[in-house]
Amino acid sequence: MTGLLRGEWTKFRTVRGWVLGMALAALITVLLGVFTASGSHSSCSGPEGDVCPALPVGPEGLAVNDRFSFAHQPLDGDGSVTARVASLTGIITYPPPDHDKIVPGVVPWAKAGIMIKESVRPGSAYAAMMLTGGHGARMQHNYEHDVAGSREARWLRLTRSGDTITGAESADGTHWTTVSTVRLTGLQKNALVGLFVASPCDLTVTQGDLGGTIGKCRLTQATAVFDHVSLAGNPWTYDDLGGQDGAPALSQGTFRESGGTFTVSGSGDVGPYGIEGAIVERTLSGAYTGLIVVIVVAVMFITAEYRRGLIRTTLLASPRRGRVLVAKSLVIGVVTFVVGLIAAVIAVPLCSGILRANGNQLLPVSTSTELRVVVGTAALLAVAAVLALAIGALIRRSAVAVITAIAVIVVPHVLTTASVLPAELSQWLLRVTPAAAFAIQQSIPEYFQVEGHYVPQMGYYPLAPWAGFAVLCAYALLALGLAVLLLRRRDA
């Protein structure tokens with residue numbers, strides 16, 4: 001096998017066109033990424049076009065939404081807070097030209113409840129027990145974590161013991177059920193505790209005229225009435241966290257106390273930030289075009305031997321013919337992986353710097369996620385090259401094999417991310433075709449507790465990153481197995 005690998009590697013590196021083709025794939029990946037990043041500019045409205053303020057970053061290093069109404073008191077050390085949500089109502093406004101139209105309504109993820117928060121600094125650690133507009137009682141903490149409670153509860157309780165916060169619920173204020181216990185590592189002794197309300201936008205999704213879907217968000221506000229608050233009698237401080245000067249009146253929160261009853265109104269959300277900003281995988285937008293070049297080289301690596309009649313010489317040198325295709329697959333796979341990795345390692349930091357220089361807010365991700373995007377992109381190119389080589393071995397005609405490989409790997413991704421197809425069909429294609437592997441590049445996950453437009457054209461894939469990559473691997477193995485079987489039969 002070592003001799004076969006050495007021989008196939010010698011064939012590859014001695015054909016100048018194949019080597020230049022791989023170099024071109026890497027160059028395209030980097031240059032198209034630079035071109036896309038250079039054309040992306042962002043700034044906040046204002047007389048001087050000020051740069052937008054940085055997004056808050058949560059305790060786990062991801063960009064978060066931290067915009068809500070918060071009436072609070074200091075919590076010095078351990079303690080507990082109990083409150084009943086007597087009512088939760090809301091209003092929804094319409095966008096232009098009906099911006100003055102306001103209707104009653106509570107969005108499903110409107111939130112009203114009690115919270116222990118490290119500070120009023122955006123992105124600081126917190127734990128909260130809440131009632132929602134359509135998902136019952138929940139306990140959430142540190143923006144990303146959500147645990148469901150019941151739909152009957154109206155009473156909420158949070159208890160702090162050191163770094164540990166326990167959330168409980170009750171339907172009658174007498175019989176309590178623990179929803180979850182979480183740990184807020186490093187929670188300072190002098191934290192804040194109080195009542196909060198948030199109401200994210202009302203998301204509506206319509207079918208586009210040319211296919212795909214269009215998502216729109218309408219501004220909302222929720223109002224909660226609290227009573228039986230265990231903190232009653234102590235002085236309150238009210239903050240409209242994340243509020244901005246000049247924002248619409250409907251988005252501005254209020255707090256009112258009257259005879260042991262507390263009314264809090266607010267907009268915004270407390271949770272993870274979606275793919276509304278620049279994301280790390282967009283620095284690798286050139287990889288899609290680079291993949292086409294890789295497919296051409298991989299197909300030619302096998303079909304050139306049939307076109308020139310060299311395949312019989314190769315097979316005479318190796319009686320175990322299946323090993324020939326395995327050796328070719330290893331060579332083209334390793335070469336493509338190395339080339340793709342070099343391109344990704346250059347493109348990601350280079351294009352990220354350009355995006356930031358142009359005022360774009362690049363969403364932060366963990367080191368492991370960025371590593372998965374970079375290495376995963378190289379692996380995607382490598383396995384796609386193996387699949388293209390196997391298709392070339394099955395079809396044996398260069399042009400037809402290249403078209404077929406592009407049709408099964410690249411075209412489904414283009415159709416599903418360009419708003420050409422209905423969302424349901426796009427989701428289906430990205431589950432059952434080799435294009436499912438592009439999920440390996442998704443850096444921001446889909447969150448159940450955030451109402452979002454989770455479709456491929458927005459950067460969300462129906463399969464988890466490694467599950468999508470496994471689909472491509474399965475196609476490559478199946479095609480390679482069929483190619484080995486036919487090679488043994490047709491060239492016996």
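Is R121 buried, partly exposed or exposed? With a relative accessible area of 45%, R121 is partly exposed. The model is predicted, and the values below were computed from it.

**Salt bridges**

The side chain of R121 meets that of E118 in a salt bridge, with 3.8 Å from N to O. E118 has a relative accessible area of 18% and is buried. Because the limit for buried is under 20%, E118 falls in that class at 18%, while R121 at 45% is partly exposed. This pair therefore joins a buried residue, E118, to a partly exposed one, R121.

The structure holds 7 salt bridges. Three of them, including the pair just described, are listed here.

| Salt bridge | N to O distance |
|---|---|
| D269 and K111 | 3.0 Å |
| E118 and R121 | 3.8 Å |
| R138 and D146 | 2.5 Å |

In the salt bridge between D269 and K111, both residues are buried. The side chains of D269 and K111 meet at 3.0 Å, N to O. D269 lies in the loop between β18 (261-266) and β19 (270-272), whereas K111 belongs to strand β5 (residues 111-117), so the pair ties together parts that are 158 residues apart in sequence.

R138 and D146 also form a salt bridge, and their closest N and O atoms are 2.5 Å apart. R138 counts as buried, at 7% relative accessibility. D146 is partly exposed, with a relative accessible area of 22%. As a general point, side chains of opposite charge can pair when their charged atoms come close.

**The sheet**

Strand β5, which holds K111, is part of an open sheet of 7 strands. The strand order is β8-β7-β6-β5-β12-β2-β16, and the pairing is antiparallel. At the edges are β8 (145-148) and β16 (237-241), each of which pairs on one side only. From one strand to the next, the twist averages 25°.

Within this sheet, strand β2 (residues 68-76) and strand β12 (residues 190-198) run antiparallel and are joined by 8 bridges. One residue pair can be named: P74 has L192 in β12 as its bridge partner.

**Aromatic pairs**

How many aromatic pairs does a search of the whole structure find? The search finds 14 aromatic pairs. One of them is formed by Y126 and Y143, which is edge-to-face, at 4.8 Å centre to centre and with 75° between the planes. Y126 lies in strand β6 (residues 126-132) and Y143 in the loop between β7 (137-141) and β8, so the pair ties together parts that are 17 residues apart in sequence. Y126 is buried, with a relative accessible area of 1%, and Y143 is buried, with a relative accessible area of 1%.

The pair of Y238 and F255 is stacked, because the ring centres are 6.1 Å apart and the planes lie at 10°. Y238 is in strand β16 and F255 in strand β17 (residues 254-258), so this pair ties together parts that are 17 residues apart in sequence. Y238 is partly exposed, with a relative accessible area of 25%; F255 is partly exposed as well, with a relative accessible area of 24%. Strand β16, which carries Y238, is one of the edge strands of the open sheet.

One aromatic cluster is formed by W9, F12, W18 and F301.

**Charges over rings**

F301, a member of that cluster, has K328 over its face, at 4.4 Å from the ring centre. In another contact with a ring, the charged end of R157 sits over W176, 4.0 Å from the ring centre.

**Backbone angles**

Most residues other than glycine have a negative phi. Which value does phi of Y143 take? Phi of Y143 is near 75°, a positive value in a residue other than glycine. Y143 lies in the loop between β7 and β8, and its ring is the one paired edge-to-face with Y126.

R396 has a positive phi too, near 75°, and is likewise a residue other than glycine. R396 is found in the loop between α6 (367-395) and α7 (398-409). R396 is partly exposed, with a relative accessible area of 22%, whereas Y143 is buried.

Key:
Residues numbered from 1 in each chain as written. Predicted model: local features only at pLDDT ≥ 70, side-chain atom pairs only at ≥ 80, totals over all residues. Heavy atoms only, no water. Pairing = 2+ DSSP bridges. Helix = DSSP H or I, 4+ residues; strand = E, 2+ residues; numbered from the N terminus. Axes fitted to C-alpha atoms, helices over the stretch in contact; angles between N-to-C directions. Salt bridge = Lys/Arg side-chain N within 4 Å of Asp/Glu carboxyl O. Buried < 20%, exposed > 50% of the residue type's maximum accessible area, 1.4 Å probe, protein only. Phe/Tyr/Trp six-rings, centres within 6.5 Å; stacked < 30°, edge-to-face > 60°. Lys NZ or Arg CZ within 6 Å of the ring centre and 35° of its normal.
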